[in-house]
Amino acid sequence: MTAVLEAAALRKHFPARRGIFGGGQGTVRAVDGISFAIAQGRTLGVVGESGCGKTTTAKLVLGLEDPTDGSILFEGHDLATLDKPGRRHYRKSVQAVFQDPYASLSPRMRVGTIIAEPLITNEKVGAAEVRRRTLELLELVGLPERSADLFPHEFSGGQRQRIAIARALVLSPRLIVLDEPVSALDVSIRAQILNLLRDLQARLDLSYLFIAHDLAAVAHMSHEIVVMYLGKIVESGDAQALAGKPLHPYTKALFAAALPSHPDERQDETVLQGEVPSPLNPPSGCHFHPRCPHAMPRCAIEAPPLTKVEDRLVACHLFG
């Protein structure tokens with residue numbers, strides 16, 4: 001299966017001052033050596049608590065941040081070596097849908113203008129073609145034609161997210177970064193938006209990088225899942241296998257904290273203690289060991305490598 005995007009040993013470190021008076025210089029390892037691939041027409045889900053590096057990963061893929069080390073390949077080409085036309089092609093081919101549909105749409109612009117803006121900015125097209133494309137996209141995301149002449153405040157949260165999706169599709173991208181796309185919506189609306197995204201993927205052969213706290217949504221949407229903790233991948237593999245039988249203690253705790261899909265379903269009682277440590281001063285060895293119920297002495301000293309276990313990759317000394 002052809003990979004649309006590949007990341008290899010990707011790192012993003014930020015300089016940061018230590019202490020209340022700024023004494024000393026430290027480094028925040030927001031993303032610390034992760035590798036993944038997103039195949040054509042497939043979804044890679046990324047999960048983890050706040051502060052684990054998910055949003056920084058999205059920014060690296062969108063070109064909003066430059067990596068400290070490692071590489072991102074799009075259609076086999078390294079982003080670091082792209083010329084101006086290559087960068088322009090990448091920006092058109094990789095679009096985003098963000099968390100808050102209330103903040104991501106300009107309140108002063110009509111919906112038709114919001115959707116058409118990327119098209120007008122990036123391509124030379126006539127007014128008639130812009131209008132045709134806008135109405136086509138409104139129909140695709142399940143909104144009536146008259147929506148083009150209205151303002152965002154005249155729509156509900158779910159409808160606004162449909163508008164944001166239409167805007168992301170206007171340049172016919174190959175990959176869409178979905179950064180918490182349903183977390184700001186009412187629970188009753190979330191399933192509608194997720195099903196719309198799945199329908200669009202099947203119809204347009206889109207690839208998704210799907211970032212979310214909602215584990216049920218990630219398992220429903222994704223073909224593969226990557227679990228991140230303090231900038232590192234601790235487990236990755238097939239979405240259904242990973243959700244059905246998590247192996248890493250952190251993954252187990254995340255899924256145990258989520259509601260079961262069925263009331264009679266039994267879950268392992270792996271309780272997640274404490275909070276995510278600061279990425280400015282992460283624990284030695286395995287970053288998860290201070291919170292892990294299975295921690296051994298070597299966990300505090302030696303960082304476990306990602307190792308093939310059954311049908312996936314796991315970074316844990318329990319499987320060494």
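**Figure 1. Character of the residues that line the largest cavity in the predicted model.** The lining of the largest cavity divides into 10 nonpolar residues and four polar ones, and no charged residue takes part in it. In this classification Cys counts as nonpolar, whereas His, being neither on the nonpolar nor on the charged list, counts as polar.

**Figure 2. Volume and centre of the largest cavity.** The volume of this cavity is about 100 Å³, and the count of cavities of 30 Å³ or more comes to one. Of the 14 lining residues, those closest to the centre of the largest cavity are Cys286, Cys292, Cys299, Cys316 and His317.

**Figure 3. Secondary structure and overall dimensions of the protein chain.** The protein chain holds nine helices together with 12 strands. Its radius of gyration is 21 Å, close to the 20 Å that the globule rule gives for 320 residues, so the chain is as compact as a globular protein of that length. Measured out along the principal axes, the C-alpha trace of the protein chain spans about 70 × 50 × 45 Å.

**Figure 4. Burial, contacts and accessible surface of the protein chain.** Of the 320 residues in the protein chain, 48% count as buried, the cut-off for which is a relative accessible area under 20%. Among contacts in the protein chain with a separation of 6 or more, 65% are accounted for by residues 24 or more positions apart. The accessible surface of the protein chain comes to about 15900 Å², and 51% of this surface belongs to carbon and sulfur atoms.

Methods: Residues numbered from 1 in each chain as written. Predicted model: local features only at pLDDT ≥ 70, side-chain atom pairs only at ≥ 80, totals over all residues. Heavy atoms only, no water. 1 Å grid on protein atoms, 1.4 Å probe; cavity = no way out; pocket = protein on both sides within 12 Å on 5 of 7 lines; lining within 4 Å. Points joined across faces, edges and corners; volume = space filled by probe spheres on them. Helix = DSSP H or I, 4+ residues; strand = E, 2+ residues; numbered from the N terminus. Rg over C-alpha atoms; globule rule 2.2 N^0.38 Å. Buried < 20%, exposed > 50% of the residue type's maximum accessible area, 1.4 Å probe, protein only. Contact = heavy atoms within 4.5 Å. Areas by Shrake-Rupley, 256 points an atom, 1.4 Å probe, with all protein chains shown as cover.
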